Amino acid sequence: RGQGSQPTQPPAPPPQRAAPSRDVNQVVRDEKRNVNKAQRELDRELMTLQREEKKIEAEIKRLARAGQQAQARMLAKNLVQNRNQQQKLVTAKYNMQGVSSNMTTMAATQKMAGVLDGANKAMGQVNQQIDPKMAMETAKQYEMQSERMNMAQEMMDDAVTGAIGDEAEIDAEADAMMNAVLDGVALDWGASASATPSAAPQAISQQQAADAEADAEVDRIMKLMRG
């Protein structure tokens, strides 16, 4: 090597790329997936312990019937430990369910915060674009145009009423015509009623005869019962 040669520098490592950021929904989905997986594992452990519990109970009964009390007592201790372990697993499962619910609530809160932030920005942009003076002038113009429209409508109604006639006079004529028609109907009904004999007296006499016959039958039955 020459005296002026420089030592070779190692190549610089490539820059590390930053991991893509995940939104809150993706984080919650991933974590809930992990929680569900852990819960399934706990369920498998519980099923295994429950099978062992049944085997231990059967063995304790067998030993007790055989008179081997010492061995049965040792298995009883194992049974207690088995059940305690089951209780711990059940508690852990419930705690995981609470964690899953908390993550869901957190995601909903994050969504609500995002919605409120967007609403605040939109309201700010709208407020910047609104001119209060122009808004007041627009409201006044609307009020004036509404009054003009109402006046025009009233004028049109008066004109139509004058062309058709006084409403009170029309109602009076209609009432007079209706009364005349009703009077004619009443006269016709009176004439037909006088021409047709009434069946009311005959119906009353028939009812009285039926009542008398029923009373007589009751009296006959009472006499038979006394005799």
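## Exercises on a predicted helical model

D30 has a relative accessible area of 15% and is therefore buried, where buried means under 20% relative accessible area, exposed means over 50%, and partly exposed lies in between, with a 1.4 Å probe and protein chains only. The model is predicted, so local features need pLDDT (the predictor's confidence in each residue, from 0 to 100) of at least 70 and side-chain atom pairs count only at pLDDT 80 or more, while totals for chains, interfaces and linings use all residues. Residues are numbered from 1 along each chain as its sequence is written, and side-chain values use heavy atoms, with hydrogens and water left out.

**Exercise 1.** Find the salt-bridge partner of D30, and describe how the two residues are placed.

*Solution.* Begin with the definition: a salt bridge is a side-chain nitrogen of Lys or Arg within 4 Å of a carboxyl oxygen of Asp or Glu. The side chain of D30 meets that of R33 in such a bridge, at 3.0 Å from N to O. Next, consider the positions: D30 and R33 are 3 residues apart in helix α1, which separates them by about one helical turn; helices here are DSSP runs (H or I, at least four residues), numbered from the N terminus. Finally, R33 is partly exposed, with 49% relative accessibility.

**Exercise 2.** Work out which parts of the chain are tied together by the salt bridge of E53 and R83.

*Solution.* First, the side chains of E53 and R83 meet in a salt bridge of 2.8 Å, N to O. E53 lies in helix α1 and R83 in helix α2, so this pair ties together parts that are 30 residues apart in sequence. Then compare the surroundings: E53 is buried at 16% relative accessibility, whereas R83, at 40%, is partly exposed. Leaving aside neighbours within four places in sequence, E53 is in contact (heavy atoms within 4.5 Å) with L79, N82, R83 and Q86.

**Exercise 3.** List the residues of the largest nonpolar core, and state which helix supplies the largest share.

*Solution.* A nonpolar core is a set of buried Ala, Val, Leu, Ile, Met, Phe, Trp, Tyr and Cys residues joined through side-chain atoms within 4.5 Å. The largest one has 5 residues, namely I56, I60, L63, A72 and L79. Helices α1 and α2 each supply at least two of these residues, and the largest share, 3 residues, comes from α1.

**Exercise 4.** Decide where in the chain confidence is lowest and where it is highest.

*Solution.* The protein chain averages a pLDDT of 75, and 65% of the residues score at least 70. Confidence is lowest in helix α5 (residues 200-226), at a mean of 62, and highest in α1, at 87. Where pLDDT is low, the predicted coordinates should not be read in detail.
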